[in-house]
Amino acid sequence: MNLTVGFDLDMTLIDSRPGIKAAYQALSAETGTFIDADAAVTRLGPPLEEELAHWFPAAEIPAMADRYREIYPTYAIEPTPAMPGAREAIEAVQAIGGRAIVVTAKHEPNARLHLQHLGIEPDAVIGWLWAEAKAGALREHGAQVYVGDHVGDVRGARKAGALSVVVPTGPCPEPELRAAGADVVLADLTALPQWLTEYVATQQTQQAQQAQQAQQAQRIQPVQPVQPA
């Protein structure tokens, strides 16, 4: 089967809390504006501008967002580790001939820097997309599965018609993810390769059964009598 699996980035593939905290602390020191970086990293998932709205007047947010993204590589890349099983999850998709793509709300150049730094090599990276907005990229790349950690990821998967697989490694606990409509809940990404093997086997069995049923239906179609002239 032609399989494409999408992955979220922050708190799904990477634990971005240490790096984001450092970037917020640097922005706070530079601007003289208090930012509770510890609180900010408990709310990861939505676009940057939503978090900055807690600390800056609306008129300043675009400039502060630009500055945050400029300083981000200096402070956030090095301290950010991969989530357990992240690299293996991407490789598991590719090992069976599938495509693994990353669809994230993060500034795309910074997303690529994280992945390069950690040696994680997806087939495509698409940034600047949050929640339902992710659906367009997932459909464009033909993703049948989307793996995330946030209820926004669930909404994006469902709008795209993809299977929503979640890991409760981010800000949303398992009950909240299930209530949002997640189809599959895994403890973390270390469980994904085994789940993927089972998922592919099930899909192949279903496709074989459907093909067999279609063949049987063609064989038993009644012959239409020829009407006399």
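**Exercise 1. Find which residues H114 is in contact with, leaving aside its neighbours within four places in sequence.**

Solution. Step 1: locate the residue. H114 lies in helix α6, residues 108-118. Helices (H or I, at least four residues) and strands (E, at least two) are DSSP runs numbered from the N terminus.

Step 2: list the partners. Contact means heavy atoms within 4.5 Å. With neighbours within four places in sequence set aside, H114 touches I14, Y72, A76, I77, T80 and K106.

Step 3: check the exposure. Buried means under 20% relative accessible area, exposed over 50%, and partly exposed in between (1.4 Å probe, protein chains only). The relative accessible area of H114 is 0%, so H114 is buried.

A note on the model: it is predicted, so local features need pLDDT of at least 70 and side-chain atom pairs count only at pLDDT 80 or more, while totals for chains, interfaces and linings use all residues. Residues are numbered from 1 along each chain as its sequence is written, and side-chain values use heavy atoms, with hydrogens and water left out.

**Exercise 2. State the order of the strands in the open sheet, and name the strands at its edges.**

Solution. Step 1: write the order. The open sheet has 6 strands, ordered β3-β2-β1-β4-β5-β6, and their pairing is parallel. Two strands pair if DSSP finds at least two bridges between them.

Step 2: find the edges. β3 (124-126) and β6 (184-185) each have a single partner strand, so one side of each has no neighbour in the sheet.

Step 3: follow β1. Strand β1 (residues 4-7) is joined in parallel to β4 over 3 bridges, and to β2 (residues 99-103) over 4 bridges. F7 stands opposite V147 in β4 and opposite V102 in β2. V5 has A100 of β2 as its bridge partner, while G6 has Y146 of β4.

Step 4: look at the faces of β1. T4 and G6 on one side, and V5 and F7 on the other, are all buried, which leaves both faces covered.

**Exercise 3. Describe how the chain gets from β4 to β5, and decide whether helix α8 is enclosed.**

Solution. Step 1: pair the strands. β4 and β5 run parallel and are joined by 4 bridges. Y146 has S164 of β5 as its bridge partner.

Step 2: trace the path. From β4 the chain passes through α8 to β5, a right-handed β-α-β crossover. Right-handed here means that, with the strands pointing away from the viewer, the path from the first strand over the helix to the second runs clockwise.

Step 3: examine the helix. In α8 (residues 151-160), 7 of the 10 residues are buried, so the helix is largely enclosed by the rest of the structure. Those residues are V151, G152, D153, V154, G156, A157 and A160. They pack against α7 (134-140), β4 (145-148), β5 (163-166) and α9 (174-180).

Step 4: check what follows. Just after α8, G161 has a positive phi of about 75°.

Step 5: return to β4. V145 and V147 on one side and Y146 and G148 on the other are all buried, and both faces of β4 are covered.
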